[in-house]
Amino acid sequence: MSDDVETNSEVSVEAPAPPPEELAPAAPPIVVLDSVTARDAAAPRRRARGTLTSVTVALGAGVFAFVGAPEDGTFALFDAITGARAPLRGRVTIAGVLPTRSAPLRARIGTLAPEPVLPASRTVAEAVDMAQKARGEAQARPMEVLASLGLEHLAARNPSALSFAESRAVELALALSTPSPLLVALHEPLADVAVNLLGVVRERIRQLAASGACVVVTTSSPADARALGDDVIVLHRGAIASGMASADVLPGTVPLLVAWVRHAEQHEGLAPIRLLARVLSARPEISSVAWNDNQDASSQASEIRLSGRDIDACALALADAATEVGAVIEAIAPASPGLTRLRAATETAEALRRATPGQSLSSANMLLPKGAR
Amino acid sequence: MSSLDAASGTFQEVHAATGIRLGFMMAARRLISRSTLLLIALSLALAVVAGIVERRVTTLGAVDRSLVSTFRLVVPLYCFAIAGSACHRMGLRDAVWPVARFGASRRDVALGIVLALVIASAMGGVLLSVAAVVSSYGASSRPLVIELFTSGWIGALVAAAYGGWFALGATFLDRGRGRGIVLALDFLFGAGTGVLAAVFPRSHARGLLGDVGPAGFSQPRDCIALVVMLLVLAALAVMRARD
């Protein structure tokens with residue numbers, strides 16, 4: 001593949017390129033999906049909720065965030081790569097081996113499934129112990145696994161008495177403690193997990209990727225995808241619609257900043273949020289300003305949303321303007337577009353591609369520049 | 001496989017015994033539940049009621065009639081329900097996944113589950129036979145110890161064979177609904193005396209209880225048929241659930 005966007009149906013996302021002085025022979029991909037058509041069984045009566053259609057992708061070491069709804073095939077992708085369900089067509093291999101056929105391979109795949117499936121046992125500690133023994137670990141240390149995410153308090157509980165988020169937290173701890181992992185597949189690792197140490201989760205995911213594992217995150221949150229992934233791959237209607245480095249702008253969106261500000265002291269005339277908006281609207285870095293004026297509750301902060309080409313420049317402009325009008329910024333964060341907006345943009349892009357002669361793609365997959373960054 | 005082996009380092013392949021033990025533990029844990037206790041209580045109540053009714057009609061041959069009615073209805077239904085619990089109301093292949101996904105072989109885990117299912121079925125068979133005998137026992141019956149021993153091992157063997165059948169049934173259709181088909185076929189064809197009936201435990205149970213067996217089988221042949229049935233069907237179930 002060249003470094004340009006390609007026009008065939010193959011997608012290749014590889015690990016972050018090392019600095020020039022550390023260039024080494026390219027490692028073979030860890031996860032390979034070859035024309036895979038797969039389905040999940042997540043709908044009632046085990047019908048398919050989403051399907052993957054002729055997806056071809058090769059993933060090396062690194063963190064790859066697949067963003068999309070279950071209907072777009074995130075569940076089907078998860079089931080296919082973890083070996084839970086064989087694909088209907090095509091071939092899924094992890095390090096050259098079929099995950100549905102190889103038990104030793106599965107011992108090196110860490111999974112956080114959409115639905116937790118802990119082994120039936122008396123206590124959570126016993127379930128973790130069983131999992132570690134099934135992985136072939138010489139010495140099972142369930143308390144260490146649970147303590148890694150601060151879940152020791154769940155050790156004596158009955159797994160069937162855990163809440164959904166608690167079960168997923170235990171599964172996440174197990175997935176992140178997989179010995180010598182080749183693949184760690186995590187579905188929504190930052191949502192619906194009863195873990196307070198989400199920073200530790202992010203750090204551990206980074207460590208796993210740095211140690212050479214392929215970490216695949218499936219999520220319906222573009223914000224989580226960008227927060228976790230080196231590469232963000234958009235799944236749309238069972239196909240890879242686009243892929244990009246997480247620092248890039250997601251399709252159909254502009255960088256957006258949301259901040260909560262309050263006035264430092266009582267002002268006469270215009271409310272500080274309006275004053276701030278007026279000052280910001282004159283700044284060339286800002287392309288649009290929107291605010292929610294919280295006049296009734298004077299002690300609470302008002303929300304202001306900014307967009308512009310460069311999110312850092314927007315933040316600096318906001319800081320300058322706040323100093324100028326005497327407003328206090330209580331919090332500031334990049335706002336990520338929701339999945340609905342992302343899907344709408346993807347559909348528009350696909351419609352445009354279909355309408356433009358010479359640019360229509362026969363495959364369901366949109367293409368990714370090699371290296372994707 | 002070489003790439004996996006080379007990179008494994010401290011990683012150890014799981015022994016078959018570990019997989020079997022984990023599968024057995026998981027199934028046992030699924031079976032030790034309130035719903036199983038309720039099932040046992042209900043089955044025992046049915047067996048006891050049948051025994052009391054038969055004794056009220058006449059004490060002559062009451063034990064045999066009580067056992068026949070228990071083996072016709074209660075034992076198959078009990079084994080059917082136990083198989084569902086051991087597999088967590090799923091297919092056998094899906095039932096092994098909570099442990100198999102961590103690296104244990106599906107085949108080993110399935111063997112552990114089938115083992116637990118067969119043992120639970122056999123124990124239930126013994127219990128129900130004993131309940132049927134005790135509740136219908138009268139003065140004209142044979143010595144109680146002999147009745148209990150004979151009906152006990154027959155109950156264990158028949159129920160274990162049912163366990164094998166339902167384990168195989170659990171590998172067919174979505175959520176292991178093949179179990180239901182096995183139960184229906186047993187009710188439909190097991191009551192006969194032809195060659196087809198010899199495939200199902202019901203006909204052999206009848207033969208062992210002193211009635212006409214299938215295809216002119218003698219009682220020792222009924223025993224052998226049930227043992228072969230158990231082994232072959234359990235092996236087939238495990239094979240169908242393997243990786």
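# A guided tour of chains A and B

Begin in chain A by selecting A:Leu257 together with A:Pro334, its bridge partner in strand 14 of chain A. The model on display is predicted. Extend the selection from this pair to the two strands: strand 11 (residues 256–263) of chain A runs antiparallel to strand 14 of chain A, and eight bridges join them.

Next, display the sheet around that pairing. It is an open sheet of four strands in chain A, ordered 12-13-11-14, with antiparallel pairing. Which strands are the edge strands? They are strand 12 (288–292) and strand 14 (327–335) of chain A, each of which pairs on one side only. From one strand to the next, the twist averages 20°.

Now add helix 9 (residues 311–325) of chain A to the view. Helix 9 lies across strand 11, strand 13 (302–307) and strand 14 of chain A. Relative to strand 14 of chain A, helix 9 of chain A runs at about 170°.

**Strand 6 of chain A**

Move to strand 6 (residues 109–112) of chain A and show its side chains. In a regular strand, side chains alternate between the two faces of the sheet. Here A:Ile109 and A:Thr111 point one way, while A:Gly110 and A:Leu112 point the other way. Are these four residues buried or exposed? All are buried.

Then select strand 7 (residues 183–187) of chain A, which pairs with strand 6 of chain A in the parallel sense over four bridges. Within strand 7 of chain A, A:Leu186 is the bridge partner of A:Leu112.

Before leaving, view chain A as a whole. Chain A contains ten helices and 14 strands. Of its 373 residues, 47% are buried. Among contacts in chain A with a separation of 6 or more, 72% are between residues 24 or more positions apart.

**Crossing to chain B**

Select the residues of the two chains that touch. On the chain B side, 30 residues are in contact with 30 residues of chain A. Helix 1 (2–7), helix 2 (16–31) and helix 6 (97–100) of chain B each supply at least two residues of this side. Helix 2 of chain B gives the largest share, six residues. Coloured by class, the side of chain B that touches chain A shows 14 nonpolar, eight polar and eight charged residues.

**A helix pair in chain B**

Two packed helices are described by the angle between their axes and the distance between the axes. Select helix 8 (residues 144–169) and helix 11 (residues 219–240) of chain B: they pack at an angle of about 25°, with axes 8 Å apart. Because of that angle, helix 8 of chain B is roughly parallel to helix 11 of chain B. Their crossing is left-handed.

To inspect the contact, show side chains on both helices. From helix 8 of chain B the participants include B:Leu157, B:Ala161, B:Gly164 and B:Trp165. Helix 11 of chain B contributes residues including B:Cys223, B:Met229 and B:Leu233. By class, this contact has 15 nonpolar, one polar and no charged residues.

**Last stop: B:Ser66**

Finally, centre on B:Ser66, in helix 4 (residues 62–86) of chain B. Why does B:Ser66 count as buried? It does so because 28 C-beta neighbours lie inside 10 Å. Leaving aside residues up to four places away in sequence, B:Ser66 touches B:Ala50, B:Gly51, B:Glu54, B:Ala132, B:Ser135 and B:Ser136. To end, draw a distance between the C-alpha atoms of B:Ser66 and B:Ala95: these residues are 29 apart along the chain, and the separation is 35 Å.

Technical notes:
Residues are numbered from 1 along each chain as its sequence is written. Chains are lettered from A and ligands numbered from 1 in the order in which they are written. This is a predicted model: local features need pLDDT of at least 70, side-chain atom pairs count only at pLDDT 80 or more; totals for chains, interfaces and linings use all residues. Two residues are in contact if their C-beta atoms, placed from the backbone, lie within 7 Å. Ala, Val, Leu, Ile, Met, Phe, Trp, Tyr, Cys and Pro count as nonpolar, Asp, Glu, Lys and Arg as charged, and the others, Gly among them, as polar. Axes are lines fitted to C-alpha atoms, for helices over the stretch in contact, and angles run from 0 to 180 degrees between N-to-C directions. Angles under 35 degrees count as roughly parallel, over 145 as roughly antiparallel, 65 to 115 as roughly perpendicular and the rest as oblique. A crossing is left-handed if the near helix is turned anticlockwise from the far one by less than a right angle, and right-handed if clockwise. A residue is buried if 20 or more other C-beta atoms lie within 10 Å of its own, exposed if 12 or fewer, and partly exposed in between; C-beta atoms are placed from the backbone. Two strands pair if DSSP finds at least two bridges between them.
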